[in-house]
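Colleague: I am new to this model and would love a close look at one part, the strand pairing and what surrounds it. Please take me through it slowly.

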Amino acid sequence: MEKEKLRILIVDDHEVVVKGIAMIVEESLADLCVSVETVTRGCEAIERMSQHSYDLCFLDIEMPDIDGLGMLKIIRSEHPDIKIIVNTVHEELWYVKDYIKAGVEGILFKSVKAGEISEAVRAVISGEKYFCKRAKAIARIIDEYNPPTSKELEVLQLLSAGKSTEDIARMLGISPNTAETHRRHLLDKLQARNVAELIMNAVSEGFLSANK
């Protein structure tokens with residue numbers, strides 16, 4: 001009797017990426033008897049899922065036609081049995097926190113080696129969760145520490161862009177005193193003596209992307 005195929009949907013807005021991931025999955029997971037489909041638009045992914053049954057979705061969280069977190073929520077609401085591996089360039093803590101809150105089974109940053117893709121798929125299909133090394137480290141920070149608030153993270157991003165306290169107050173619609181309070185809290189939480197050290201520590205702890 002023919003073995004039932006595992007249906008995998010790969011979602012990424014870059015055609016070269018989806019074809020590359022599909023090739024890796026098909027070649028390295030041939031023993032699992034997989035059927036791989038690819039789409040390059042978020043809306044197309046939602047439509048496919050409404051028409052077909054998939055075991056796993058390999059999902060780029062940043063699509064041009066639909067909000068990534070919104071797409072996650074739709075998939076979870078309408079297709080709760082589909083396992084999701086998020087594949088993303090966004091390594092910032094608040095993004096990882098959102099992925100975990102959405103209940104994804106896996107997180108892979110696009111900086112991982114190709115072999116880790118099949119490793120993640122095997123783990124998730126077998127009922128385990130799989131976070132790449134960097135995602136695991138960030139998840140530990142979320143569990144173990146009191147991270148900056150969402151407003152403090154906004155201030156942190158603006159500080160990293162070289163904005164002054166006055167600029168931040170104007171851009172966020174808050175008073176300069178409030179902006180300064182957020183800055184002091186950030187220095188305290190990330191154990192920094194100045195803004196330069198704050199940015200360095202924020203990157204080290206996963207609150208800011210090293211690519212920025």
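Modeller: Gladly! One term first: a residue is buried under 20% relative accessible area, exposed over 50% and partly exposed in between, using a 1.4 Å probe and protein chains only. Please keep in mind that this is a predicted model, where local features need pLDDT of at least 70, side-chain atom pairs count only at pLDDT 80 or more, and totals for chains, interfaces and linings use all residues. Residues are numbered from 1 along each chain as its sequence is written, and side-chain values use heavy atoms, leaving out hydrogens and water.

Let us begin with the whole sheet. It is open, has 6 strands in the order β2-β1-β3-β4-β5-β6, and its pairing is parallel (strands pair if DSSP finds at least two bridges between them; strands, E, at least two residues, and helices, H or I, at least four, are DSSP runs numbered from the N terminus). At the edges you will find β2 (34-39) and β6 (130-131), each of which pairs on one side only.

Now please find β4, which covers residues 83-88. This strand is mostly covered, with 5 of its 6 residues buried. On one side β4 runs parallel to β3 (residues 56-60), and 5 bridges join the two. Two pairs can guide your eye across them: Leu59 has Val86 of β4 as its bridge partner, and Cys57 stands opposite Ile84 in β4. To get from β3 to β4, the chain passes through helix α3 (residues 68-78), and this β-α-β crossover is right-handed (the path over the helix runs clockwise with the strands pointing away from the viewer).

β4 is also joined to β5 (residues 106-109), by 4 bridges, and here too the strands run parallel. You can locate this pairing through Thr88, which stands opposite Phe109 in β5. From β4 the chain reaches β5 by way of helix α4 (residues 93-101), again in a right-handed β-α-β crossover.

While you are at α4, have a look at Trp94, which lies in that helix. Trp94 is buried, with a relative accessible area of 15%. Leaving aside residues up to four places away in sequence, Trp94 touches Leu153, Gln157, Phe207 and Leu208 (contact means heavy atoms within 4.5 Å). Ile142 is 48 residues from Trp94 along the chain, yet 9.1 Å separates their C-alpha atoms.

Next, come back to Cys57 in β3. Its relative accessible area is 1%, so Cys57 counts as buried. You may wonder whether its sulfur is bonded, but the structure holds 0 disulfides (pairs of cysteine sulfur atoms within 2.5 Å). The closest cysteine sulfur to that of Cys57 belongs to Cys43 and is 14 Å away, which is too far for a bond. Cys132 has a similar story: its closest cysteine sulfur is the one in Cys57, at 17 Å, again too far for a bond. Cys132 is buried as well, with a relative accessible area of 3%.

Two more stops will round off your tour. Helices α1 (residues 15-28) and α5 (residues 115-125) meet through Ile21, Ile24, Val25 and Ser28 in α1 and Ile117, Ser118 and Arg122 in α5. Finally, the loop between α9 (176-189) and α10 (195-205) holds Gln191. Gln191 has a positive phi, near 50 degrees, although it is a residue other than glycine. In contrast to buried Trp94, Gln191 is exposed, with a relative accessible area of 68%.

Note on methods. Axes are lines fitted to C-alpha atoms, for helices over the stretch in contact, and angles run from 0 to 180 degrees between N-to-C directions.
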